[in-house]
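Here are a few short exercises to work through with the model open beside you. Try each task before reading its solution.

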Amino acid sequence: REPIMLLVALSLPIVYHTTLYMKCRIDGCNSLLGYGNRMRKSWAKFVLSREDQAILGIQAIRNEIMWGSFLGMTSFTALTIIISTWVSNQEMGECSLQKMTRFDPLTGSYRSIFSPTIKVLLMVSLLAAIFAMTLQYLRILKHLSVYVGCSGTLIQEDVTKAVGKMYNMSSFWHFMAMRFLLSLFASIGWLFGPTYCLASSVLVLMYMTSIDRISSERMPRKPKKKKNQDTPLSNLEISAETGCDGLDQRV
């Protein structure tokens, strides 16, 4: 029973993100990830359109750096605590984890075929991946803080395109770090048994589905065509009439 439950718990997020990726390839407006990529390009064009807007971009990037620093320090602290605790009391930790699996309602009477060390290594691997992805996220933001100050220069057009691409790249690493963080809940559930691991995976999947999906009723697919398409972007208030296609035209 335990291998089957763990296989299902692992397959659910893989199938979900594969489907999400395919939807973004076909129509990015089906998910928050695809729509966010277009919005960030529009944001870069808005911030670099005038010199007095550069401070707004620097402030936004500083806020993201503060959040990324918190995420990185938290994951690194949890990583060091788990490793130090496990190394100092490995035998006691194995006994405690074996007792915790007895609370599983379906497999509590069976002896687990997986060693408690494997469960700890899984948590350590997820935390290490979160920390590494957060570092990459912060590294790109550091470069962005310099590029945003290039408004009003001769290379402003090239910088605008570079900022949009780099901002999307940093958002991708942040997206992956948060997905690994959500997967950490399933690994914590595994400490109490495969049933809790599967239940945690289902709950996390329901949560990801709710935050990733953008209702098509709230966002029309086809924008209203206008005669003048060369009007510069003056603000970030993308109206409901614009839709994703209209946002692509502006970008």
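Helices here are DSSP runs of H or I with at least four residues, and strands are E runs of at least two, numbered from the N terminus. Keep in mind that this is a predicted model.

**Exercise 1.** Work out which pattern the protein follows along the sequence.

*Solution.* Start by counting elements: the protein has eight helices and zero strands. Reading along the sequence then gives α-α-α-α-α-α-α-α.

**Exercise 2.** Decide how the axes of helix α1 and helix α7 are arranged where they come within 8 Å.

*Solution.* Step one: locate α1 at residues 2-26 and α7 at residues 194-212. Step two: take the crossing angle, roughly 10°. Step three: angles under 35 degrees count as roughly parallel, and therefore α1 and α7 are roughly parallel to each other. Step four: look at the residues that meet, including M5, L6 and L12 in α1, and L198, V202 and L205 in α7. The residues of this contact divide into 14 nonpolar, four polar and two charged.

**Exercise 3.** Find which helix gives the largest share of the largest nonpolar core.

*Solution.* Begin with the core itself, which has 16 residues; W43, V47, I61, L141, L144, V163 and Y167 touch the most other members. Next, list the helices that each supply at least two residues: α2 (32-47), α5 (116-147) and α6 (156-190). The largest share, five residues, comes from α5. Finally, look for another core apart from this one: that core has nine residues, among them L79, W86, V120 and L127.

**Exercise 4.** State what percentage of the protein's residues count as buried.

*Solution.* Of the 251 residues, 37% count as buried. For the surface, the protein exposes about 15,400 Å², with carbon and sulfur atoms supplying 65% of that area.

Definitions and conventions: Residues are numbered from 1 along each chain as its sequence is written. This is a predicted model: local features need pLDDT of at least 70, side-chain atom pairs count only at pLDDT 80 or more; totals for chains, interfaces and linings use all residues. Side-chain values use heavy atoms; hydrogens and water are left out. Buried means under 20% relative accessible area, exposed over 50%, partly exposed in between (1.4 Å probe, protein chains only). Accessible areas come from the Shrake-Rupley method with a 1.4 Å probe; for residues, only the protein chains shown count as cover. Axes are lines fitted to C-alpha atoms, for helices over the stretch in contact, and angles run from 0 to 180 degrees between N-to-C directions. Angles under 35 degrees count as roughly parallel, over 145 as roughly antiparallel, 65 to 115 as roughly perpendicular and the rest as oblique. Contact means heavy atoms within 4.5 Å. Ala, Val, Leu, Ile, Met, Phe, Trp, Tyr, Cys and Pro count as nonpolar, Asp, Glu, Lys and Arg as charged, and the others, Gly among them, as polar. A nonpolar core is a set of buried Ala, Val, Leu, Ile, Met, Phe, Trp, Tyr and Cys residues joined through side-chain atoms within 4.5 Å.
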